[in-house]
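I set out to look up how two helices pack and where empty space is left in this protein. The entries below follow the order in which I looked.

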Amino acid sequence: MTTPQQYVQNKAAASGSSFYYAFLFLPKDRRAAITAFYAFCREVDDVVDEVSDPGVAATKLAWWQGEVRKSFAGQPSHPVMQALMPHASAFSIQAEHLLAVIEGCQMDLEQTRYLDFPGLQRYCHLVAGVVGEVAARIFGQTSPQTTQYAHKLGLAFQLTNIIRDVGEDAMRGRIYLPVNELQQFDVKAHEILNRKYSDRFEALMRFQAQRAHQLYDEALALLPQADYRAQKPGLMMASIYRTLLREIEQDKFQVLHQRVSLTPLRKLWLAWRMQALGRM
């Protein structure tokens, strides 16, 4: 019989995510809380990515909304919520945080294009900004300003994901790059869907990468010194993600036919370097 704690541990580890490496250095209770929260995010995200019928996916997300409300009323039935709820009050995790993440996943079912960056930003806020906010609380936030840092860093992470996953998302019929920016660089949607590289595509992607780098810089500038030590797991992730972004840039954005990634060993090294030496 798998315990809820084993379930979320397996879910987090199986994803091979950069987040997992950042959790390894946390004290036990914080690690348990972030692992459960991350497993929740994976569960609802997987509904969108793995369920091919939008109607079935919508029904599953509606079930998760009900499960969140029931859990905060004291009746969690899913192992992820059973693992998460014991930590909710200690780390100020609220139902609306989890419902916002589900809402972001619902947007994925209803929307495959974003007209402009503000529209995309709303989506990123739900699937990444709110996640950053909850993570910052679990890591040990003491200053209110750290929430702004967490939201901005979450946006930078999500834009890095979007750059990395352009080809993979296109296979699912989704293009997260804003329509008006495709037009600005004269890149046609069908070129991305058909995995056609061009100088125009590279210029468009360079523009996206510059924006992401600017957000990393702005986020790091917002982190109060008082919370620097507690927020090291987020800084580890920033180091891993930014390294990935630079790799993609050096590779001239060869993201349409493959998913560029860092090896587990390299992620672990980057996380350790941030933890031990405070260097990104």
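I first fixed the term for the open sites: a pocket is an open set of grid points with protein on both sides within 12 Å along at least five of seven lines, and its lining residues have an atom within 4 Å of a point. I note also that the model is predicted.

**Entry 1: the second largest pocket**

I looked up the second largest pocket and found a volume of about 170 Å³. Its lining consists of Q5, V8, Q9, K28, R31, A32, T35, A36, A83 and H87. I then asked which helix gives the most to this lining. I found that it is α3, with 5 residues. At least two lining residues come from each of α1 (4-14), α3 and α5 (79-88). Sorted by class, I recorded 4 nonpolar, 4 polar and 2 charged residues around this pocket.

**Entry 2: the cavities**

I next turned to enclosed space. How many cavities of 30 Å³ or more does the structure hold? I found 2.

The largest cavity encloses about 50 Å³. I listed F19, F23, I34, F37, Y38, V131, A135, F139 and M237 as its lining. Helices α2 (18-23), α3 (28-50) and α7 (117-139) each contribute at least two of the lining residues. I checked the classes and found 9 nonpolar residues, with no polar and no charged ones.

For the second largest cavity I noted a volume of about 30 Å³. The residues that line this cavity are I162, V166, D169, R174, I175, Y176 and L177. I counted them by class as 5 nonpolar, no polar and 2 charged.

**Entry 3: the packing of α4 and α6**

Finally, I examined a helix pair. Two packed helices are described by the angle between their axes and the distance between the axes. I looked up both values for α4 (residues 54-72) and α6 (residues 95-110): the angle is about 175°, and the axes lie 10 Å apart. I therefore entered α4 as roughly antiparallel to α6, because angles over 145 degrees count as roughly antiparallel.

I then asked which residues bring the two helices into contact. From α4, I listed P54, A57, A58, L61, W64, Q65, V68, R69 and F72. From α6, the partners are A95, L98, L99, I102, C105, Q106 and L109. By class, I recorded 13 nonpolar, 2 polar and 1 charged residues in the contact of α4 with α6.

Definitions and conventions. Residues are numbered from 1 along each chain as its sequence is written. This is a predicted model: local features need pLDDT of at least 70, side-chain atom pairs count only at pLDDT 80 or more; totals for chains, interfaces and linings use all residues. Side-chain values use heavy atoms; hydrogens and water are left out. Axes are lines fitted to C-alpha atoms, for helices over the stretch in contact, and angles run from 0 to 180 degrees between N-to-C directions. Helices (H or I, at least four residues) and strands (E, at least two) are DSSP runs, numbered from the N terminus. Angles under 35 degrees count as roughly parallel, over 145 as roughly antiparallel, 65 to 115 as roughly perpendicular and the rest as oblique. Contact means heavy atoms within 4.5 Å. Ala, Val, Leu, Ile, Met, Phe, Trp, Tyr, Cys and Pro count as nonpolar, Asp, Glu, Lys and Arg as charged, and the others, Gly among them, as polar. On a 1 Å grid over the protein atoms alone, a cavity is a set of points where a 1.4 Å probe fits but cannot get out, and a pocket is an open set with protein on both sides within 12 Å along at least five of seven lines; lining residues have an atom within 4 Å of a point. Grid points are joined across faces, edges and corners, and a volume is the space filled by probe spheres set on the points.
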